Every structure is written in C-alpha cells, then in structure tokens.
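Here is a quick tour of some side chains and backbone spots worth finding on your screen. Keep the viewer open and hop along from stop to stop.

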Amino acid sequence: MSMGHGGMGMGRGMRNFMSEEEKATAPKVTKELVLRVFSWLKPYWKQLMLTLLCIIISTILSIMPTVLTGQIIDQGLIGRDLNRLIFLIILSLLVTFGSNLIGVGESYLNSWIAQHITFDMRNQMYRHLESMSQRFFTSSNQGDIITRMTSDIDGVQQIITNTFSSILSNSITLIVALVAMYRKNWVLATLGIIIVPLFTIPTRKAGKTRWSLTKEAQACNDEINGILNETLSVSGQTLVKLFCKEEEEYQKYEASNRRMIELNIKESMAGRWFRVVLSTVASVGPMLLYLVGGILMMKYNSDITVGDITVLVSLLGRMYGPVNQLLNIQVDWIRSMAMFTRIFEYFDMVPEIQNPENPVIPDVCTGAVQFDHVGFYYDPEREILKDISFELKSGHSVAIVGPSGSGKSTIINLIPRLYDVVKGTVFFSGQDVRDLDLTWLRRHIGIVTQDTYLFNGTIRENLLYAKPDATEEELRQACAKANILDFVEKQEKGFDAMVGNRGLKLSGGEKQRISIARILLKDPSLLVFDEATSALDSISEQKIQDAIDPLIASRTSILIAHRLSTILAADEILVVKDGEIVERGQHAELVRRNGVYTELYNTQFGKAAELQAPEGSEAGKVAGWNASYTEGEDLVEYWDGTAFSKM
Ligand code: ATP
C-alpha cells in the first residue's frame, strides 16, 4: 500500500512541507495546458457565449442599483422630489430583479456545461482506462485510479462552475465599477484604486499555504481511498480477519483520517487569518473616501455631492469582493490546473498493448499456438521466461507443469496479449499475435483462470457475459456440460440466484464450474485451463475433471496442471522450471527420464512414486492405478504440497 506522503509529520511547519520535489511537480501553466483545458469547452461554445452574455448583463444590472443610490439621495431625498424618489426606487428594484433572473439562467447554463464536460471526461477516461494494459492495473494503486475518476473529475466540474465564471463575473464587475467611479470623480476613484493593491500581500501568503495544504490533502485522500479499497474488499477483510489485523488496520486508518482532519482544519484556518487581515484593510478604504470626499466638498468647493460620495464608497465596497476573489483565483487556478494535469497525465498514458495499424482478421481460426524462442520479463531486472519454444497443433492439448512461480501463468498471459513478448514470437492460428486484431484474438481464446472472477449478480448474468444472446436451452446445455446444472436447479431461484460479491456465495468448485460453463458459451477455438492449486474436495475435483475432460478431448487446449489426471489427459507435457522448458514428452517417458519431472513426481506425489509408473498415458489406465493404490478410495493428487485428498 502506498503511503503517499506518509513520511511527512503533521507537526512540521509549512515551510518544511513544500519540498523541492513538490515544487518541481507543481503544474507549469503553459499555453499548451490552457489550450488543452479549453479544448474540452469547445463543443459547448454556443452555450458558453450565452453564459458570457448572461454574466455581462446580470453584472451590469447588479451594479446599477448602487449607482442609482446616488440619484436617490441627491435628487429624491436632498432634492425633496417624491415622484422622482418613487421612480428611482421602483427602477432600482426592477433592475435587481432582472439581474437575479438572468443570474438563474446563468447558473443553469453553467452547471449544464460543467456536467456535460465532466460527462465527456468520465466516459473518455473510462474508455481510456479500459484500453490500458494488464501491467497498468497490476502496478497502479487502485485508490489513485478511483480518485482520478471521481474526486479529480468532480474538481474539474467545480472549476468550470466556480473558477471560470467567477473570473468572468468578477472581472466584469471590476471594470463596470471602475468606469462608474471615474465618471463620478477621478480623485476619489484613483484613491480607491490605490487601496486595492494592499490586498495582494496577504493574498499571496494565504495562497501559497492553501496550495501546499491542498496538495497534501489530495495525497492523504488517495491514501485513505487506498486503505478503504484494500481493507474493505471481501478478500481484504478475509485477510485482515484471518491474521487478526483489525486493530493494526484501524490504527493505520485512524492515523490517515486524523491527518486528513488536521489538514482540513489547517486549510480552513489559513483562510480565516487571511480574512481578518482583509477586513481590517477593507474598513480603511471607505473612511479614507469619506474624509477626502468631505475635504473636496468643504475646502475645495468641488461639485461633488453627498450622493456621489455615497456611490463611490458603495462601489469601492463592491470592488473588494471581486479583487479578493480574483487574487484568490490565482490559487484556485493553479489548483485547477493541478487537477487537469493529474487527469491529463492519465489520458497521456499510452496503452502498452494496442491493436496493430492494419490488423489481420483471419477467416478461420485453427486455435493452434506456437511459441518461437520467446523471452519475457515484467521487470528488466528479472527475466521470467527464457527461450520458450513449443507447438500446439489444432485439436491437440498440452499440459504445462512446474513448481510454483516457474512462469506457467506468464506463458498463458502472452497468448491473448495481456503482455507482449520481449523476445521471439507467439503465433496464434499461424499468425504473430501482434499482427492480429486484438478483439478477434481475444474472442477466440477462452481462459478459465485459477482465481475465478464472477461479477456480483445472478448466475444467468454471469453466464450471459460470454454470450448475451444465449437461449435458456444453451445456458442449460453449457451448465450440463460443465457439471453445474444440478447445482443451479437446486437453487430456489435457479439461474436467477445471486452469486454474491465476486461470487463468494459459491464454493471454489462451483465457481470454477460456472466459469467453465461461461467459457463453453463463449465457445473459443483455444481453451486454456489454469487449474486451481487450492485443494477442493474430491467430489468437486471429480466434477470439474468430468467437465473438462470432454472439452480437452474436443478442442485445442492448454492446461496448467497440478493434478495427475489432468496432466495425463494432455497429448504433450511441458515441464517448466525457472522460466525454461526443461523437459517435454509424455508421462511414462518423462517419469523414466529421472529428471525434473521425476523429481516433481516423487516429491509432490510422495508415496505414489513407490508404485510402478503406468505404462500408458491415457487417463483410464491411470485411474485403475490410482484405485489400486488407494484401495478403492478416490484419490486426487496435486503437484503442490497438499498431496492427497480422500473422500
Ligand atoms: P503458480 O503455479 O504459483 O501460479 P506460475 O508458474 O504460474 O505460478 P507465474 O504466475 O507465471 O508463475 O509467475 C512467474 C514469476 O513472475 C513469479 O516469480 C512472479 O513473482 C512473477 N510475476 C507474476 N506476475 C507478475 C507481475 N504482474 N509483475 C511482476 N512480476 C510478476
């Protein structure tokens, strides 16, 4: 589990926090980045123009009552003209109403645009993540993926609804207020403007602090998501329970959670002090205007009126908000760009495995597989497969055996291109897999994995995943062949019984047989069966065996085998050790060779080795051999330590 910024204690001061590395990772707001952000807005330019128009009109209208106040005072009150007073009051109210009405339209447009952009972004991101290869998912932190899909994209929505529109409306308010002020009195207007820059000093300071806190809060959020994802999943919880790690996990969660609240408090306090300074500065401005205005009126006989001074003070008041927000926006802007950068980072990841430019789609699929001097590693420092060569002809089957971690599953992963070879070539149906159309390739390969994955839904939904248009009869046939029909029929709801989260309401054997039925519905040209190493009871084993035996006999298949009966069902056995094929052939000859296979056979099968190895390789003969040894009991043997499982 990534600890993110776990090393940074909360006790440290903010100066320590902004490490060189973080400064380096703060997004550089380049022209390209801004253009890229705006490219997402492009499809909605008409709605944007309309929003802009709404913002301009409503902002101008919202400043008008302030300007009208001057006339209300001078012409209505001081001039003692009741009709004029009533007219100005009604006009002022109407203008306010109009401005708010347009504001409603603007909010609607704003959130409509924001929602549509995030809708586009989420869909594109999901599509993009789907195209990412296996390596991305095995090496990325799940919490991080979820955070980018959810909070970061939500953040983008916030940016559009708040940041962009606030930049616009605040700028317009400022311009309109300035123009109105200068039209009243240039001396007082200039004085007002001089006060405004005083804001920049505290804003800058608060901005920096907020930016650091935001970054740390994001990392902390990723970390919390990671913990939740890992420990609150079914498998995670099972592990936690079985290792009695509840307290330890709780402590870890509590620590992250505490860090999060501390960060949140700090963030809100950073804003609080900032406001104290601002409001103090803000109260100085109007007083100065009254003073200078009064001096102008009394000492210099200026034609400035009481109404004018009142209007100027109100307009100055109207400017503080926008200036404050615009200065803060610098932080919001960087923060927004950081979010966009995080999202674009994902968009820019090039999927490792891609469809070739001119994909080959053969007319027929033979299902044949050939490995030609294949070499592979997940990580360049550790070679996993070395010079693997073998050929599996159409209609034949091959069993891959070897100690755990020898690279058996890795060999399988290379066929549907979950990973690409580093050296050599993998051929499927006579073509280099890298030239084939990816969908075509994967459609013709069916893999029953060790760790069977079922979606949380009904048995039917899980089966239809392979063939959405399968009829009830096809479902029944597939289940009958997979030896699971009895079980389904025993369920109160039959095919509509729920399988639970990841299929956990079912036993390992039942899950595997359902996944065999699912593969049967897919009807692939090449069947890969990664036999579970976990010990199932012998009835389950036998049922699975009965299900796969006819399958193997009738189609091209690769079996990663742990049980003797499966191994014997194959036409050829490949013995893999440390990523190399060290022996190949048939059971009888391999046992006699006194090599790795014999060693595996002796050590893993224990006493079984004392018995004479069977002459033939057909399952039938061996079944007899098993029976003679176990004195009538059903015997299931594993290559791994579990050895015997008796009825
Ligand atoms: P088992 O019988 O236990 O399933 P296996 O023979 O199928 O084992 P593989 O799963 O192919 O073995 O693994 C071969 C080696 O590659 C192992 O040492 C494993 O640690 C490593 N490995 C497997 N998957 C990855 C991965 N995604 N990234 C890095 N290393 C991996």
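## Two loop residues with positive phi

Let's begin with Ser-429, which counts as buried because its relative accessibility is 13% and the cut-off for buried is under 20%. Keep in mind as you look around that this is a predicted model. You'll find Ser-429 in the loop between β4 (423–428) and β5 (431–432). Its backbone has a twist to it: phi of Ser-429 is near 55°, a positive value in a residue that isn't glycine.

Is that the usual sign? Most residues other than glycine have a negative phi. Asp-523 is another one to look up, with a positive phi of about 55° even though it is not a glycine. Asp-523 also sits in a loop, this one between α18 (508–522) and β7 (526–530).

## Rings that pair up

Now for the aromatics. A pair of rings is described by how far apart the centres are and by the angle of the planes. Counted this way, the model has 12 aromatic pairs. Take Trp-40 and Phe-347: their ring centres are 5.7 Å apart and the planes meet at 35°, so this pair is tilted. The two partners come from distant parts of the chain, 307 residues apart, with Trp-40 in the loop between α3 (31–39) and α4 (45–78) and Phe-347 in helix α12 (residues 306–347). Both Trp-40 and Phe-347 are buried.

Phe-376 and Tyr-378 make an edge-to-face pair, with 4.9 Å from centre to centre and 85° between the planes. Which of these two is buried, and which is partly exposed? Phe-376 is the buried one, with a relative accessible area of 1%, while Tyr-378 counts as partly exposed at 32% relative accessibility. Two more spots are worth a look here. Phe-136, Phe-137 and Tyr-346 form one aromatic cluster, and Arg-36 lies over the face of Phe-344, 4.1 Å from the ring centre.

## Salt bridges

Side chains of opposite charge can pair when their charged atoms come close. The structure holds 24 salt bridges. One of them joins Arg-259 and Glu-216, whose closest N and O atoms are 3.0 Å apart. This bridge links distant parts of the chain, 43 residues apart: Arg-259 is in helix α11 (residues 246–299) and Glu-216 is in helix α9 (residues 200–231). Arg-259 is buried, and Glu-216 is too. Another bridge with both ends buried is the one between Asp-420 and Arg-417, where the closest N and O atoms are 2.8 Å apart.

What about Arg-476 and Glu-489? They form a salt bridge as well, with the closest N and O atoms 2.4 Å apart. Here Arg-476 belongs to helix α16 (residues 472–481) and Glu-489 to helix α17 (residues 485–490), with their positions 13 residues apart in the chain. Both ends are partly exposed: Arg-476 at 30% relative accessibility and Glu-489 with a relative accessible area of 44%. There's also a whole network to trace, in which salt bridges with shared partners join Asp-144, Arg-148, Asp-152, Asp-222, Arg-342 and Glu-345.

## Helix α4, outside and in

Next, have a look at a nonpolar surface patch of about 460 Å², made by Leu-50, Leu-53, Ile-56, Ile-57, Ile-60 and Met-64. Ile-57, one of its members, lies in helix α4 and counts as partly exposed at 36% relative accessibility.

Is Leu-68 buried or exposed? Leu-68 is found in helix α4 as well, but at 7% relative accessibility Leu-68 counts as buried. In sequence, Leu-68 and Ile-89 are 21 residues apart, and in space their C-alpha atoms are 8.4 Å apart.

## A serine and its backbone contact

The last stop is Ser-406, in the loop between β3 (397–401) and α13 (408–414). Ser-406 is buried, with a relative accessible area of 4%. What lies 2.7 Å from a polar atom of its side chain? That would be the backbone oxygen of Pro-403.

Terms used:
Residues are numbered from 1 along each chain as its sequence is written. This is a predicted model: local features need pLDDT of at least 70, side-chain atom pairs count only at pLDDT 80 or more; totals for chains, interfaces and linings use all residues. Side-chain values use heavy atoms; hydrogens and water are left out. Rings of Phe, Tyr and Trp (its six-membered ring) pair if their centres lie within 6.5 Å; planes under 30 degrees apart count as stacked, over 60 as edge-to-face and the rest as tilted. Helices (H or I, at least four residues) and strands (E, at least two) are DSSP runs, numbered from the N terminus. Buried means under 20% relative accessible area, exposed over 50%, partly exposed in between (1.4 Å probe, protein chains only). A charge sits over a ring if NZ of Lys or CZ of Arg is within 6 Å of the ring centre and within 35 degrees of the ring normal. Patches are made of residues with over 30% relative accessible area and no salt bridge: like charges are joined within 9 Å, nonpolar side chains (Val, Leu, Ile, Met, Phe, Trp, Tyr) within 5 Å. Accessible areas come from the Shrake-Rupley method with a 1.4 Å probe; for residues, only the protein chains shown count as cover. A salt bridge is a side-chain nitrogen of Lys or Arg within 4 Å of a carboxyl oxygen of Asp or Glu. A polar contact is a pair of N or O atoms within 3.5 Å; within protein, one must be able to donate a hydrogen and the other to accept it, and residues adjacent in sequence count only if both atoms are side-chain atoms.
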